[in-house]
Amino acid sequence: MTTPASFLTEEMRQQAIGEKSAPRTIDVEKGAIIKFAQAIEDDNPVFNDDMAARDSRYGGLIAPPTFLRSVGVDRPTYPFDLPFTRLLDGGSDWEYFHPVRAGDRITAISEITDINERTGRMGLMIITTIVVTYRNQFDRVAATQTSTSIRY
Amino acid sequence: MAEQVYWDDVQEGIELPPVVKNPTTQQLVKYAGASGDYYQIHYDQGFAKNNGLDDVILHGALKNAFLGHLVTKWMGQAGDLKRLACQYRGMDIPGTPVTAKGVVTRKYQEQGANLVDCELWLENEKGDKTTPGSATVALPQR
């Protein structure tokens, strides 16, 4: 696949920054938390054992720190077509404000906060910073996740 | 469960007990199901190769979860995770072990909380840090 030497203009950057996804809401099920903890092979009782978690200061199961990935929030739509199909995840920076508990209803929205291009080993890449805000049923921000996505 | 760690007892420079992981293709499929990330580069070798990769690779988010495991295990049930960050610098493939490691870099008090910053990383068999990261936790006081 051939890629152009340059793609993004300042005007396109300004169009993209601030673009938001539709909200996505899920109910956090006990079974989903346990399945996630098993998949990452983390045997911490507060993620796996309802009885033990009841005796903890949380009073019940809580979700492991990266469980919120499973909310499956949509990515914001780019206001233009990207000439790339390949995608890599560059990293994540999570901030936590309230624990996510079994029974919570979480609503997530993602937003493009920055976009740039860079030429790397694999040619031209578009690097997008996306912030996902996860709110619970009390409209409190449970966590934010700033991630970097690389298209090439 | 390990004994609760207290802020008073933590010193800058101490290491977090490492967590060794042995990810397999089966774990990647389990993680795909549990997280809803069905991108084929994590379980379809032909697809991965067509995307310029040598093999299927670990989900970045799974490596993020391994670092989360490391720090939440260390801080114990009375600890609070405030921040967890990592960058996916190098790729890891299933069938080779990775070890989550960490070291305390700063101990301080802020707005009534007893905080500790840690540098975290995931290391492969060769000792390469494929996934550097960091975390901030609040710990209880004795």
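This tour walks through the contact between chain A and chain B in a predicted model.

Begin by selecting the residues of each chain that touch the other, which gives 27 residues from chain A and 31 residues from chain B. Keeping to the side of chain A that touches chain B, colour helix H2 (30-39), helix H3 (45-48) and strand E2 (87-96), each of which supplies at least two residues to that side. The largest share there, eight residues, belongs to E2(A). If you recolour this side of chain A by residue class, you will find 10 nonpolar, eight polar and nine charged residues.

Next, select E2(A) together with strand E2 of chain B, residues 80-87, and follow the five bridges over which these two strands pair in the antiparallel sense. To locate one position in this pairing, pick A:Gly91, whose bridge partner in E2(B) is B:Gln87.

Then move to the helices, selecting H2(A) and helix H1 of chain B, residues 25-35, whose axes come within 9 Å and cross at roughly 155 degrees. How are these two helices oriented with respect to each other? Angles over 145 degrees count as roughly antiparallel, and H2(A) and H1(B) are therefore roughly antiparallel to each other. Viewed as a crossing, the passage of H2(A) over H1(B) is left-handed.

Finally, show the side chains where these helices meet: A:Lys35, A:Phe36 and A:Ala39 from H2(A), and B:Gln27, B:Lys30, B:Tyr31, B:Ala34 and B:Ser35 from H1(B). Sorted by class, this contact of H2(A) with H1(B) has four nonpolar, two polar and two charged residues.

How values were computed:
Residues are numbered from 1 along each chain as its sequence is written. Chains are lettered from A and ligands numbered from 1 in the order in which they are written. This is a predicted model: local features need pLDDT of at least 70, side-chain atom pairs count only at pLDDT 80 or more; totals for chains, interfaces and linings use all residues. Two residues are in contact if their C-beta atoms, placed from the backbone, lie within 7 Å. Helices (H or I, at least four residues) and strands (E, at least two) are DSSP runs, numbered from the N terminus. Ala, Val, Leu, Ile, Met, Phe, Trp, Tyr, Cys and Pro count as nonpolar, Asp, Glu, Lys and Arg as charged, and the others, Gly among them, as polar. Two strands pair if DSSP finds at least two bridges between them. Axes are lines fitted to C-alpha atoms, for helices over the stretch in contact, and angles run from 0 to 180 degrees between N-to-C directions. Angles under 35 degrees count as roughly parallel, over 145 as roughly antiparallel, 65 to 115 as roughly perpendicular and the rest as oblique. A crossing is left-handed if the near helix is turned anticlockwise from the far one by less than a right angle, and right-handed if clockwise.
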